[in-house]
Amino acid sequence: MTRFLEQLMAQAVIRSITHVESGGLPFVGVIVDGQQAISEFGVNRVQETGDPSAHAEIVAIRDALSSSGKTDLRGTTLLATGEPCGMCYRHAINARITDIRVAVDRDQVAELGFDYRHSYPSFGITDSLRSSLMRPLRVSGDTEPFIRFLALQNLRN
């Protein structure tokens, strides 16, 4: 299963780069059940939709719930190119996801321009809870979407 998750995370990173190049933010989430993705590659759609909750992970969770007809996502895994913010962790927990794999953790993401660590206490995400849910799943080029985003932002400014 680990090889499958690595391949899917590598695809998520590629989707993230594509989204950045089209003007989006560098976050992608996907829900996995066993050896199958059960959601689209959710991208952060906050800018496009004006919906402040349209984070990549939440987009993927919404898609997995609606396409599966399930009331929760117990037994599934959330893959995220960047570690979820407090709101996304809370959404995943409420959907009963207990396995979250991240390519780039919150500290690395903060160094790359997205520091949302302050959001954790508001949503009850403690370090203990976080460490019980999240495991790293690094893949080649996993910081590339964030680096490209910063480069594009610098070109625009």
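A residue counts as buried when its relative accessible area is under 20%, as exposed when that value is over 50%, and as partly exposed in between. Keep those cut-offs in mind as we walk through this structure, which is a predicted model.

Let's start with His 55. Its relative accessibility is 19%, so His 55 counts as buried. You can find this residue in the loop between helix 2 (46-49) and helix 3 (56-68). What does His 55 touch, once neighbours within four places in sequence are left aside? Its contacts are Val 43, Asn 44, Val 46, Cys 85, Met 87 and Cys 88.

His 55 also leads us to the next stop, the largest pocket, since His 55 is one of the residues that line it. Rolling a probe the size of a water molecule over the atoms shows where empty space is left. In this model, the largest pocket holds about 150 Å³ of space. Try picking out its lining in the structure above: you will meet Leu 25, Phe 27, Asn 44, His 55, Glu 57 and Gly 82, followed by Glu 83, Pro 84, Cys 85, Cys 88, Phe 114 and Tyr 116. Which classes of residue make up this lining? There are 7 nonpolar, 3 polar and 2 charged residues.

Now let's turn to charged partners. Side chains of opposite charge can pair when their charged atoms come close. The count for this model comes to 15 salt bridges, and a few of them make good examples.

Look first at helix 1 (residues 2-21), where Arg 3 and Glu 6 sit 3 residues apart, about one turn of the helix. These two form a salt bridge, and their closest N and O atoms are 3.4 Å apart. Arg 3 has a relative accessibility of 55%, so it counts as exposed. Glu 6, at 28%, counts as partly exposed.

Next comes the salt bridge between Glu 40 and Arg 45, with 3.6 Å between the closest N and O atoms. Glu 40 is partly exposed because its relative accessible area is 32%. Arg 45 has a value of 33%, so Arg 45 is partly exposed too.

Are the partners Arg 101 and Asp 99 buried or exposed? Both are buried. Their salt bridge has its closest N and O atoms 2.9 Å apart. Finally, salt bridges can share partners, and in this way Glu 21, Glu 144 and Arg 148 are joined into one network.

Technical notes: Residues numbered from 1 in each chain as written. Predicted model: local features only at pLDDT ≥ 70, side-chain atom pairs only at ≥ 80, totals over all residues. Heavy atoms only, no water. 1 Å grid on protein atoms, 1.4 Å probe; cavity = no way out; pocket = protein on both sides within 12 Å on 5 of 7 lines; lining within 4 Å. Points joined across faces, edges and corners; volume = space filled by probe spheres on them. Nonpolar A, V, L, I, M, F, W, Y, C, P; charged D, E, K, R; others polar. Helix = DSSP H or I, 4+ residues; strand = E, 2+ residues; numbered from the N terminus. Buried < 20%, exposed > 50% of the residue type's maximum accessible area, 1.4 Å probe, protein only. Contact = heavy atoms within 4.5 Å. Salt bridge = Lys/Arg side-chain N within 4 Å of Asp/Glu carboxyl O.
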